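Trainee: I am new to this structure and should be grateful for a close look at a single part of it. Please take one residue as the starting point and work outwards from there.

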Amino acid sequence: MPEAPARNPLESFTNAVSAMIDGPVTWFRESVVEPNRKNYPWYHQQFRRVPSIDQCYTDDAVCFFEANNQFKRDKMVDNEILNILRQRFEDCVMYEQPDHERKCRALLDQYEKGAENWFIKYGDLGGYANAKTAYMKQKHRMVWERRHGPVGTGMKQSDDADPEH
């Protein structure tokens, strides 16, 4: 749409100065910047992986902040994966009634394994969990498994224990 003619000399002067300043900037943006830019929609935004909490120095607040944000993003992704697995199983049950127990067994097993893994990582952390609490939970689980064997298999007996005493 062509611009309307200037109504007075002051307006024509301001239009000329504006075109002189804005013209090269607009040309550079339209001919150089925009053709070379990758255009990702917001829902496909890709964040770079940052160091985890165990790789941060104790006085590096920025690293802690990035690790916590990475932890929150990972938790949201894992929540959505679990929601998708649950939805697939529920859809299978609705579609395959009354044989759903046999036909949907693989999806149920997949969902239960995913829920177990989610609970191992995020369960019992509470609503205000951060990367440090999740790391401590992982550390405590590893110490437990070293002393007693995998969680859920019962406590192993020590070799030097005397069964009579």
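Leaving aside its neighbours within four places in sequence, which residues is Asp74 in contact with?

Mentor: The model before us is predicted. Once the neighbours within four places in sequence are set aside, Asp74 is in contact with Arg49 and Tyr122. Each of these residues opens a path into the surroundings.

Let us begin with Asp74 itself. Its place is in helix α2, which comprises residues 61-96. Asp74 has a relative accessibility of 18% and therefore counts as buried, since the cut-off is under 20%. Towards Arg49 there is a polar contact: the two side chains are joined at 2.9 Å.

The other partner, Tyr122, leads to the aromatic residues. Tyr122 is buried, its relative accessible area being 3%. The structure holds 2 aromatic pairs. In one of them, Phe71 and Tyr122 are tilted, with 5.6 Å from centre to centre and 55° between the planes. This pair links distant parts of the chain, for Phe71 belongs to helix α2 and Tyr122 to helix α4 (residues 105-122), 51 residues apart. Phe71, at 9% relative accessibility, likewise counts as buried.

Tyr122 also pairs with Trp118. Their ring centres are 5.6 Å apart and their planes meet at 45°, so this pair is tilted. Here both residues lie in helix α4, 4 residues apart, or about one turn of the helix. A general point applies: an α-helix has 3.6 residues a turn, so residues three or four places apart point the same way. Trp118 has a relative accessibility of 22% and therefore counts as partly exposed, whereas Tyr122 is buried. Taken together, Phe71, Trp118 and Tyr122 form one aromatic cluster.

We may now return to the helix that carries Asp74. The 36 residues of α2 should span 52 Å at 1.5 Å a residue, and the C-alpha atoms at its ends are 52 Å apart, which agrees. Among the buried residues of α2 are Cys63, Phe71, Asp74, Leu82, Phe89 and Cys92. The elements that cover the buried residues of this helix include α3 (100-103), α4 and α5 (131-148).

Two of those buried residues, Cys63 and Cys92, bring us to the disulfides. A search of the whole structure finds 2 of them. In one, Cys56 is joined to Cys63, with 2.0 Å from S to S. The torsion about this S-S bond is about -70°, so the disulfide is left-handed. Cys56 and Cys63 are both buried.

Cys92 forms a disulfide with Cys104, and their sulfur atoms are 1.9 Å apart. Here the torsion about the S-S bond is about -90°, so this disulfide is left-handed. Cys92 lies in helix α2 and Cys104 in the loop between α3 and α4, so the bond ties together parts that are 12 residues apart in sequence. Cys92 and Cys104 are both buried. If the bonded cysteines of the protein are numbered in sequence order, the pairing reads 1-2, 3-4.

To return to the starting point, Asp74 is a buried residue of helix α2, in contact with Arg49 and Tyr122. Through Tyr122 the path led to the aromatic cluster with Phe71 and Trp118.

Notes
Residues numbered from 1 in each chain as written. Predicted model: local features only at pLDDT ≥ 70, side-chain atom pairs only at ≥ 80, totals over all residues. Heavy atoms only, no water. Helix = DSSP H or I, 4+ residues; strand = E, 2+ residues; numbered from the N terminus. Buried < 20%, exposed > 50% of the residue type's maximum accessible area, 1.4 Å probe, protein only. Polar contact = N/O pair within 3.5 Å; in protein donor to acceptor, adjacent residues only side chain to side chain. Contact = heavy atoms within 4.5 Å. Phe/Tyr/Trp six-rings, centres within 6.5 Å; stacked < 30°, edge-to-face > 60°. Expected span 1.5 Å × (residues − 1). Disulfide = S-S within 2.5 Å.
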